Amino acid sequence: MKHVCVVGLGYIGLPTAVLAAAGGFTVTGVDIDPSILESLREGRAHFSEPELGSVLSEVLSQGRLTLRSTPCPADVFIIAVPTPINEDKSADLTAATEAALSIEEHVRPGSLVIVESTVPPTTIECLVLPLLERPDRIGGRDFHLAYCPERVLPGNIMRELVNNDRVIGGLDRKSAEAAQAFYRRFVSGKIYLTDLRTAELVKLAENAYRDVNIAFANEISLMADRLGLSVWDVIGLANKHPRVNILSPGPGVGGHCVAVDPWFLIEWSPDISKLTAAARKLNDSMPEYVASKVGSAVPSGSKIACLGAAYKANVGDTRGSPALQVIYELERRGYEVHVVDPHVTRGNGFSLQPLDKALEVADCVVLLVDHKEFRELDAGDLRRRFGDGKMIDTRGVWADTQF
Ligand code: SAJ
């Protein structure tokens, strides 16, 4: 087992390809996006993650990582392509299907195929396996097939890929063990072996668990608001209980994982996933709620300084960002929105402003993302400038203002 072909060089595939190369494998990284391949060939990653750039340059210079637009024969194939949802919240498995089809011709006896993309239950056995099998090439008997979902937290991917425990689901025991041998070369976390369906549900359960708990925090924030209380005090005190750990309310749930994966469960078992669906609905209603808070503070046409566009603190990723939903809703309601986000390099559908300029002209300030730069702001100065009623804090940074 020496040559690895990674299909999909995004937030998971690229760090995985780089770490496998650094772990001694010869790696071919495959992506259909020419601009990604071009920037990688120049040694530049198309997103920022601590330590990614340095290890990428190292394995490129050592010739351990080469880049192509189509797969090639290899001992190990990793599918790490996006599995988003469609407008109707159904799973979009187009990229995963195309990735499996693209490696099919290169699968040899003894090959190991690992899917890392997050998928709905039964996808590996019902969609991926049939795409790879031939009458004379049966999964398990002739090649190994495993599912190993990632658990990394954007902003710390390189370390988490190495240190986090892994769950590997195998088509059969030998497939799981073959995948374990592969990851053991660069993963220091514990590796747990199980079957395909268990691994699929484990991954979805992890993110649905988080979404439901965030929804609960948001529900408490609505109650606190109606009572005229600080939700930050309420949750802070409730969490003093030794067995209570209420998460933090916010303007909604973003990113391409926690806000997406629960829909795979809802689509697969709508008759069961009542709590999961209610949590998704509540979290997706939060941007509108935040916009209504602004509506209660200042009239339409006012200038609003929106601090944050990214989906969460200290990252520049705006995919599925609830902050963006608030920004678009405020614009729809006729406000003049001034967006500040030091982590976002380019605004899509909005222009980015310097912080001091936005605060200078604004009638109201809304904190949407608790970037470290915003945590460093002097709340007292802001209070003197805006007054409590025109500082809307959705992340508890200015604590004693109402969310
Ligand atoms: N959020 C809250 N309140 C909280 C925590 C998060 O409003 O208390 C919001 C964030 O602002 C953000 C969204 O939820 O908009 C998701 O952020 P996150 O930090 O919870 O998760 P992700 O999407 O960055 O990463 C998650 C992680 N999963 C879990 O924590 C169970 C990560 O470990 C996964 O690998 C990743 O999803 C994934 O790729 O599946």
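Biologist: Which of the 20 residues around the ligand come nearest?

Modeller: Good place to start. This is a predicted model, and in it V152, K203, R210, S248 and Y311 come nearest to the ligand.

Biologist: How many residues of each class does the shell around the ligand have?

Modeller: Sorting a shell by class gives a quick feel for its chemistry. Here the shell is made up of 9 nonpolar, 7 charged and 4 polar residues.

Biologist: And which polar backbone atoms should I look at beside the ligand's oxygen and nitrogen atoms?

Modeller: Look for N or O pairs within 3.5 Å. A polar backbone atom of R151 lies 2.9 Å from a ligand oxygen, and one of V152 is 2.7 Å from an oxygen atom of the ligand. On the nitrogen side, a ligand nitrogen sits 2.7 Å from a polar backbone atom of S248. As for cover, the ligand on its own has 760 Å² of accessible area, and the protein covers 88% of that.

Biologist: From which domains does the shell draw at least three residues?

Modeller: Domain 1 (3-189) and domain 2 (204-393) each supply at least three residues to the shell. Those two domains come from the domain assignment of the chain.

Biologist: How do I read the relation between the two domains?

Modeller: Use two views, one of the centres and one of the contacts. Taken over C-alpha atoms, the centres of domain 1 and domain 2 are 33 Å apart. For contacts, 16 residues of domain 1 touch 15 residues of domain 2.

Biologist: What about empty space: how many cavities of 30 Å³ or more does the structure hold?

Modeller: The general idea is that rolling a probe the size of a water molecule over the atoms shows where empty space is left. In this case there is 1 cavity of 30 Å³ or more, and the largest cavity has a volume of about 40 Å³.

Biologist: Which residues line the largest cavity?

Modeller: P149, E150, R151, V152, E160, L161, N164, D165 and R166. By class, that lining has 5 charged, 3 nonpolar and 1 polar residues. You have met two of these names before: R151 and V152 also have backbone atoms by the ligand's oxygen atoms.

Note on methods
Residues are numbered from 1 along each chain as its sequence is written. This is a predicted model: local features need pLDDT of at least 70, side-chain atom pairs count only at pLDDT 80 or more; totals for chains, interfaces and linings use all residues. Side-chain values use heavy atoms; hydrogens and water are left out. On a 1 Å grid over the protein atoms alone, a cavity is a set of points where a 1.4 Å probe fits but cannot get out, and a pocket is an open set with protein on both sides within 12 Å along at least five of seven lines; lining residues have an atom within 4 Å of a point. Grid points are joined across faces, edges and corners, and a volume is the space filled by probe spheres set on the points. Ala, Val, Leu, Ile, Met, Phe, Trp, Tyr, Cys and Pro count as nonpolar, Asp, Glu, Lys and Arg as charged, and the others, Gly among them, as polar. A residue is near a molecule or strand if one of its heavy atoms lies within 4 Å of it. A polar contact is a pair of N or O atoms within 3.5 Å; within protein, one must be able to donate a hydrogen and the other to accept it, and residues adjacent in sequence count only if both atoms are side-chain atoms. Accessible areas come from the Shrake-Rupley method with a 1.4 Å probe; for residues, only the protein chains shown count as cover. Domain bounds come from an automatic or database domain assignment. Contact means heavy atoms within 4.5 Å.
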